[in-house]
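Here are my notes for anyone opening this one for the first time. Have the viewer at hand and go through the points in order.

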Amino acid sequence: MEKFLNIVRSNNMVQAVLCIGFGLFLMVYPSITINGVIMLFAVAMLLMGIGSLASYFRGKGARYHDTGMLMTGVFYLIVAAIAFIFPKALASFFSVVLGLVLILCAIVNLVRAFDMRRYGGNVWIAVLAVSILVGVGGVLVVVNPFGATMTFVLVLGSVFVVNGAMDLFIEWYVRDSENKAGGGPMAKGHHA
């Protein structure tokens, strides 16, 4: 049960699920109005910010109680507040904001990919490649911010799904590697 609670508390897991959900929604409803997408985006950013802050204040250990997590949570809450307060103004450059969020996600995952090298193997290379792909998707969105066609929304949704799936994979891989190395609860004889 303790292992399950740690997974639930994990900020990365919450963000990954929200990215996948947001991406799938965009893929299923590509004709949604830009105002509807902005409100969904604001809710996703709000939940991700709350998740980051909750992980920061409730987490035990260096993995959760990190200044970067606090800053990420505050950043997400600021973006959510801007989206809720100024939705019409945000609509004019919404694609740029989404592109910047994707670039930020790609940078975070690039850092995590290099951190995964310590577990050995070549999995980190695949994570690095997908991070670069997500970053390129974000750059393309920033470069062509007004290409808000149905195809654009489908591609944007796909990039969010890929980013969320990669976050879930990274979390699983790191936990599995820590357990095998003797650093996790399963290796110490505690079973959930």
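1. A term to start with: a residue is buried if its relative accessible area is under 20%, exposed if over 50%, and partly exposed in between, using a 1.4 Å probe and protein chains only. By that rule Ser95, at 5% relative accessibility, counts as buried. Ser95 belongs to helix H6, and its C-alpha is 9.3 Å from that of Leu156, although the two are 61 residues apart in sequence.

2. Some ground rules. This is a predicted model, where local features need pLDDT of at least 70 and side-chain atom pairs count only at pLDDT 80 or more, while totals for chains, interfaces and linings use all residues. Residues are numbered from 1 along each chain as its sequence is written, and side-chain values use heavy atoms, with hydrogens and water left out.

3. Now the overall picture. The protein has 8 helices and 0 strands, which reads along the sequence as α-α-α-α-α-α-α-α. Helices (H or I, at least four residues) and strands (E, at least two) are DSSP runs, numbered from the N terminus. Of the 192 residues in the protein, 40% are buried. Contact here means heavy atoms within 4.5 Å. Among the protein's contacts with a separation of 6 or more, 75% are between residues 24 or more positions apart.

4. How do H6 and H7 pack? Their axes are 8 Å apart, at an angle of about 165°. Axes are lines fitted to C-alpha atoms, for helices over the stretch in contact, and angles run from 0 to 180 degrees between N-to-C directions. Angles under 35 degrees count as roughly parallel, over 145 as roughly antiparallel, 65 to 115 as roughly perpendicular and the rest as oblique. H6 and H7 are therefore roughly antiparallel.

5. The crossing of H6 and H7 is left-handed, a label used when the near helix is turned anticlockwise from the far one by less than a right angle (right-handed if clockwise). Residues making the contact include Ser95, Gly99, Ala106, Asn109 and Phe114 of H6, and Trp124, Val127, Ser131, Gly135 and Gly138 of H7.

6. Take a look at Asn109, which is in helix H6. Is Asn109 buried or exposed? With a relative accessible area of 1%, Asn109 is buried. Setting aside neighbours within four places in sequence, Asn109 is in contact with Val127, Ser131, Asn163, Met166, Asp167 and Ile170. Its C-alpha is also 8.8 Å from that of Val130, 21 residues apart along the chain.

7. On to the rings: there are 7 aromatic pairs in the structure. Rings of Phe, Tyr and Trp (its six-membered ring) pair if their centres lie within 6.5 Å; planes under 30 degrees apart count as stacked, over 60 as edge-to-face and the rest as tilted. Phe22 and Phe41 have ring centres 6.3 Å apart and planes at 50°, so this pair is tilted. Phe22 sits in helix H2 (residues 11-28) and Phe41 in helix H3 (residues 34-58), 19 residues apart. Both Phe22 and Phe41 are buried, and ring pairs join them with Phe160 in a cluster.

8. Another pair to check is Phe114 with Trp124: centres 5.7 Å apart and planes at 40°, so tilted again. Phe114 is in helix H6 (residues 94-115) and Trp124 in helix H7 (residues 123-143), so the pair ties together parts 10 residues apart in sequence. Phe114 is partly exposed at 40% relative accessibility, whereas Trp124 is buried at 17%. What sits over the ring of Trp124? The charged end of Arg117 does, 5.4 Å from the ring centre; the rule asks for NZ of Lys or CZ of Arg within 6 Å of the ring centre and within 35 degrees of the ring normal.

9. Finally, two residues of helix H4 (residues 67-85). Ala83 lies in this helix and is buried at 0% relative accessibility. Apart from neighbours within four places in sequence, Ala83 is in contact with Ile38, Met39, Ala42 and Leu90. Leu70 is in H4 too, but is partly exposed at 26%. Not counting residues up to four places away in sequence, Leu70 touches Leu53, Tyr56 and Phe57.
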